[in-house]
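User: Please take a close look at the loops of this model where the backbone departs from the usual, and follow one of them into the element next to it. What stands out there?

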Amino acid sequence: MNLIMNDLRTQRLLIVGDIHGFPETSVELLGIGRFEHRALQLADLSGRPGLRGDELHDQLFNEDGILRAVRALCEIDGRACVGIGFSAGGTALWQAVKAGLDLQALICVSSTRLRFETSPLHIPTMVVWAEFDAHRPTESWNDTVPGCCKTYTGKQHDFYRIDALTPKSSLLTDVAAFVEGRAPCA
């Protein structure tokens, strides 16, 4: 499936950051093609813009923060967007798609809470993990729930903080290939 139009229109990316605020701005995550970025922060989406780190994690998963974030995401017109979520941001996007957010496709990077999801989404999905992330789902989960899965050898959970900003990194190459309809998982 080719997600990018073959004409000169811009592909829209809806990016949801992690609990630490990464990425902080609409940084250029993909160095090829034409991409328009819209970066959102979990703290803002959850209604607690001043929170970061463990406090935000607690708000999201022990209080009602993830539900608030999902509701906020469902109010966005994502029909022309590919969603990219980092860590808890990917979890929020996945749950928002389940709740009705209309995206073209979804990429979740180190979104380890997806291990609790039991069924695939109705859109193309790609999940990526770090080899040394103790909370990543089992290989059985990876074989049945996401459409596409990649594990990066020798990496820790937050590898994306460097790799997402490093031109021509394996992560960016694989994300771009997925967005462009060239499956990096085959």
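Analyst: **Loops and an adjoining helix**

Pro-23 sits in the loop that connects β1 (11-16) with β2 (35-40); strands are DSSP runs of E of at least two residues and helices runs of H or I of at least four, numbered from the N terminus. The peptide bond between Phe-22 and Pro-23 is cis, with omega at about -10 degrees. This is a predicted model, in which local features need pLDDT of at least 70, side-chain atom pairs count only at pLDDT 80 or more, and totals for chains, interfaces and linings use all residues. Residues are numbered from 1 along each chain as its sequence is written, and side-chain values use heavy atoms, without hydrogens and water.

Most residues other than glycine have a negative phi, and most peptide bonds are trans. Lys-168, in the loop between α6 (160-163) and α7 (170-179), has a positive phi near 65 degrees. Its relative accessible area is 78%, so Lys-168 is exposed (over 50%; buried is under 20%, partly exposed in between, with a 1.4 Å probe and protein chains only). Ser-87 also has a positive phi, about 55 degrees, but is buried because its relative accessibility is 14%.

Ser-87 belongs to the loop between β3 (81-86) and α4. Helix α4 (residues 88-98) packs against α3 (residues 65-74). On the α4 side, Ala-92, Leu-93, Gln-95 and Ala-96 make the contact, and on the α3 side Ile-66, Ala-69, Val-70, Leu-73 and Cys-74, contact meaning heavy atoms within 4.5 Å.

Terms used:
Axes fitted to C-alpha atoms, helices over the stretch in contact; angles between N-to-C directions.
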